[in-house]
Amino acid sequence: MGLYDEAREFILACYDELGKSRKEAEDRLQDIQGSLARLGTYELTYEELEQGARMAWRNSNRCIGRLFWKTLTVFDERCCTTTSEVADALYKHIEFATNDGKIRPTITVFHPGVRIWNHQLVRYAGYESERGVIGDPHSAAFTRVCEELGWRGRGTPFDVLPLVIQIKDEHPAWFSIPEDLILEVDIRHPDYPQFDAIGLKWYAVPIVSDMVLEVGGLRYPAAPFNGWYMETEIGARNLADVNRYDMLPKVAAFLRLDTQSDASLWKDKALVELNIAVLQSFKESGVTIVDHHTAAKQFERFEERERVEGRHVTGDWTWLIPPVSPATTHIFHRNYDNTIVKPNYFRQEPPYLKHGYL
């Protein structure tokens, strides 16, 4: 499908959802045709960008939190031309989205020449050592890149990585995130005071920054976005996976569980208690979070609303089911069409691989 065809498909759908007339849509398409003839491309208006980013969230097959797609705040930063301007816009995004813990779904869109090298704006470093990785193994490669660029961390398990920003083919620049912008939650268990000694914490807002937003055939490789955490993302994946922080053995030790045999289900017990700790810690700190049962019910409401609107719900079942007790949710017992609908967010290769940093 050519660029005009992509634009036409989007504009007709977008303008219909915005309550605009068919004539307004056709007039806009004439403008786009003229721009394509002159420049080979076109620009979205802010209204189109805002609606397109929201539609992209609605169409995200892997996301269980789509009920709130209309609440997405869209910052248009396509005017940023320098890395420092981009960094300032990202600081604004972090502050606005964090909102003292009352997290607001947010996206910031930059012009197509901008790339953000981070997987998430806030993410912990992973330092390779003889004793294994200190910190987050998922970040080990990117941490090496940051160090090659001149950044130095403190070497703790929870060092926040810098922002790495590139404009077109210029040399990338790194920027430390001001500490007062980063909200973190100490992970404690309400029933086991000894849990505190593990020394766990996690950052409040997951701001994905390495996916490309595609709207109307136009691609925005730098469009960081966030919702809020579902507790299993932290308690059943980030802190529990053996290739991440691998905390289940430590949790089991503090809970005095029998770890001699997997048949004791010690991993399951430790996993549930770790998720309880994450959920309660975020709630006690006043930071927005949702449990997987509530999230599944919210997704069911989303499905019903889409049915009423006459839209077909697509989804990736393997991602929609929560990693803890999936069979207790309605999602586990349904089939989903994994067809990709645009606008949408797509994965892209890390830019540091292209530029030979690894």
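Are Asp136 and Arg123 buried or exposed? In this predicted model, both Asp136 and Arg123 are buried. Their side chains meet in a salt bridge, with an N to O distance of 3.9 Å. The pair links distant parts of the chain, the two residues being 13 residues apart. Asp136 belongs to the loop between β5 (132–135) and α5 (140–148), whereas Arg123 belongs to the loop between β3 (114–116) and β4 (126–129).

The strands β4 and β5, named in the description of these two loops, also pair with each other. They run antiparallel and are joined by 4 bridges. Together β4 and β5 form a hairpin, with 2 residues between them. Within this pairing, Gly126 has Gly135 of β5 as its bridge partner.

Side chains of opposite charge can pair when their charged atoms come close. Over the structure, the count of salt bridges comes to 28. One of them is formed by the side chains of Glu6 and Lys342, at 3.3 Å from N to O. This pair likewise links distant parts of the chain, with the two positions 336 residues apart in numbering terms, that is, 336 residues apart. Glu6 is located in helix α1 (residues 3–17), and Lys342 in the loop between α10 (317–320) and β16 (344–347). The two partners fall into separate accessibility classes: Glu6 has a relative accessibility of 14% and therefore counts as buried, the limit being under 20%. Lys342, with a relative accessible area of 36%, is partly exposed because this value lies between 20% and 50%.

A further salt bridge connects Arg188 with Asp196, whose closest N and O atoms are 3.5 Å apart. Arg188 is partly exposed, its relative accessible area being 45%. Asp196 is also partly exposed, at 36%. Elsewhere, salt bridges that share partners join Glu6, Glu214, Arg219 and Lys342 into one network. The pair of Glu6 and Lys342 described above thus belongs to this network.

Internal space was examined next. The structure holds 1 cavity of 30 Å³ or more, and the largest cavity has a volume of about 50 Å³. Its lining is made up of Ile94, Thr98, Val122, Leu181, Ile182, Leu183, Tyr203, Ala204, Val205 and Ile207. By residue class, this lining divides into 9 nonpolar residues and 1 polar residue, with no charged residue.

Among the pockets, the second largest has a volume of about 330 Å³. This pocket is lined by 15 residues, of which Arg154, Asp159, Val160, Ile177 and Glu179 are the closest to its centre. The lining of the second largest pocket comprises 7 nonpolar, 2 polar and 6 charged residues. Charged residues are thus present in the lining of this pocket, whereas the lining of the largest cavity has none.

A database annotation concerns another part of the chain. In an unreviewed UniProt entry, residues 62–69 are covered by the annotation "domain: Nitric oxide synthase (NOS)". In the model, this span is 0% helix and 0% strand. The C-alpha atoms at the ends of residues 62–69 lie 14 Å apart.

Conventions:
Residues are numbered from 1 along each chain as its sequence is written. This is a predicted model: local features need pLDDT of at least 70, side-chain atom pairs count only at pLDDT 80 or more; totals for chains, interfaces and linings use all residues. Side-chain values use heavy atoms; hydrogens and water are left out. On a 1 Å grid over the protein atoms alone, a cavity is a set of points where a 1.4 Å probe fits but cannot get out, and a pocket is an open set with protein on both sides within 12 Å along at least five of seven lines; lining residues have an atom within 4 Å of a point. Grid points are joined across faces, edges and corners, and a volume is the space filled by probe spheres set on the points. Ala, Val, Leu, Ile, Met, Phe, Trp, Tyr, Cys and Pro count as nonpolar, Asp, Glu, Lys and Arg as charged, and the others, Gly among them, as polar. A salt bridge is a side-chain nitrogen of Lys or Arg within 4 Å of a carboxyl oxygen of Asp or Glu. Buried means under 20% relative accessible area, exposed over 50%, partly exposed in between (1.4 Å probe, protein chains only). UniProt positions are given in the numbering used here, feature names are shortened, and annotations may be inferred rather than shown by experiment. Two strands pair if DSSP finds at least two bridges between them.
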